[in-house]
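Subject: Structure handover

Hello,

I am passing on the structure you asked about. Please have a look at it first; my notes follow below.

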Amino acid sequence: MARSVLAAAARLARWADRALGPGGDSATADGKATLSDATARRAAEALGLTAGQVRADWDTARLAGLIEVHGDSARPGWRLRAWDRDDSAVLRGWVALCDAWSLACPEPGEHEPAAVAEVVTAMPQVLSFLQLSAGPVPVPQLLDLLEQRVTELRTERCEVDYGPRPGTTVVDPEPRPAPAEPPAADAPLGPLLDWALRALASVGALTYGDGQATLTPLGSWAVWVKLEQICVAAQSPAGNIEQGADDMLRGCARLRPAAARAEYRAWLAARPVGSAVTELIAAARGEDALLRGLAFEALRVVGAPAEPEVRAVLDEPALRPYALLWLAEHDGVDPEDAHELLTREEATWLWVDTAAAVADHGEAPLLVRHLETAVQPTVPSLLDEVRAVGHPRTVQVLVALAAAHPDPAFAKALRRAAFQVHTGG
């Protein structure tokens, strides 16, 4: 169903990728997201559509994340790149379109913006009621629910009438003219409900006609997903849901893997996926090696939407080994075999980075056991390659290993290696 709803938009997005990408003609006349007349005519001729259909499909593609406009050029979004191989990308694109239903269909111009905003805010409860009903619901019943919810919203804002009480007379020393229009609170909600239902029907969330509305299976699934996200966010086991990525990851450092994944899911459910991925990548770029590893664990929970951002950091030496492992596992490689895809230098860098995390946050026995995970067959070869990769924490890691290791001769070799790295020898 999602592919069907977005098929025309995906077709136009592919055309835009070919015709309007970098080096091609401009997509817009003013550097904004509005399609220029000339481009709309070109697309209509190429695709056998009217200019109006092209503009509608263009708007749908932008709202679904199939097209990204940058200045006067357009480029495909990650969802279009993943369209043929990733059903979750298609579903996420449709959910983005559904979330933007109020932009997909122009709002009635004769209504107060405040009243329109109240209806948009109240519609999730209406949709939840439609899902619980599991069948057609008469519009008058939905209107009653909408009016109740809007009244609750106004009460929460403390919109109390402080006018004169009955039986009292108030003399205004400066009489004011009566308002030309009634306030938004007096506006009828019926036409706005009609607009909302038509807009949601236009994106495939429900069917609307004969005085009743029914959620489509796709719309019912979307409401269920939103409710699940709310429940997950409410069950944040460690209470880090309001924290930034750095503090959230620090809060997860002492949790068991399953509890940490639950915390990541709760944290992700409470914010847009794009900004969450950006925060996690920024945390991975920091100096704390432990947060780097945990950030990529959280990105594993994100899944496919994080792929473009992860690929973008492959050129950064500190993040490349983590990104390669993430991409390998994302492509279906067994996590136990994914390390074989790293070069010897990348594996050594990752080993030093992990040792730095253990040295900063772990215990001495754990740091000693970390020696057994090195890919080098002998300690001398390990020390040679550790020195060669040039990790900025090499000296601290070697000194910490020397302090933790019980073998005096081995500890001496580690201290000597640390000194040589420190002096550039």
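Lysine 226 is partly exposed, because its relative accessibility is 31%. Its position, like everything below, comes from a predicted model. The side chain of lysine 226 forms a salt bridge with that of aspartate 99, at 3.0 Å from N to O. Lysine 226 belongs to helix 10 (residues 217-234) and aspartate 99 to helix 5, so the pair ties together parts that are 127 residues apart in sequence. Aspartate 99 is also partly exposed, with a relative accessible area of 45%.

The structure holds 20 salt bridges in total. Two others are worth describing.

Glutamate 307 pairs with arginine 85, with 3.4 Å between the closest N and O atoms. These two residues are 222 residues apart: glutamate 307 is in helix 15 (residues 307-312), and arginine 85 is in the loop between helix 4 (78-81) and helix 5 (87-99). Is each partner buried or exposed? Glutamate 307 is buried, at 8% relative accessible area, whereas arginine 85 counts as exposed, at 54%. A network of salt bridges links Arg85, Glu307 and Arg311.

Aspartate 353 and arginine 292 form a salt bridge through their side chains, at 2.8 Å from N to O. This pair also links distant parts of the chain, with aspartate 353 in helix 18 (residues 344-361) and arginine 292 in helix 14, 61 residues apart. Both residues are buried.

Helix 14 (residues 289-302) also contains glycine 293. Glycine 293 is partly exposed, with a relative accessible area of 21%; the cut-off for buried is under 20%. The C-alpha atom of glycine 293 is 7.4 Å from that of tyrosine 322, although the two are 29 residues apart along the chain.

On the surface, Asp334, Glu336, Asp337 and Glu340 form a negative patch. Of these, aspartate 334 sits in the loop between helix 16 (320-330) and helix 17 (335-338). Aspartate 334 is partly exposed, at 38% relative accessible area.

Last, helix 3 (residues 51-63). What span should its 13 residues have at 1.5 Å a residue? The expected value is 18 Å, and the end C-alpha atoms are 19 Å apart, which agrees. Buried residues in helix 3 include Val54, Asp57, Trp58, Ala61 and Leu63. Glycine 65, just after helix 3, takes a positive phi of about 75°.

Regards

Definitions and conventions:
Residues numbered from 1 in each chain as written. Predicted model: local features only at pLDDT ≥ 70, side-chain atom pairs only at ≥ 80, totals over all residues. Heavy atoms only, no water. Patch = residues over 30% accessible without salt bridge, like charges linked within 9 Å, V, L, I, M, F, W, Y side chains within 5 Å. Areas by Shrake-Rupley, 256 points an atom, 1.4 Å probe, with all protein chains shown as cover. Salt bridge = Lys/Arg side-chain N within 4 Å of Asp/Glu carboxyl O. Lys, Arg positive; Asp, Glu negative; His and termini not counted. Charge placed at Lys NZ, Arg CZ, Asp CG, Glu CD. Helix = DSSP H or I, 4+ residues; strand = E, 2+ residues; numbered from the N terminus. Buried < 20%, exposed > 50% of the residue type's maximum accessible area, 1.4 Å probe, protein only. Expected span 1.5 Å × (residues − 1).
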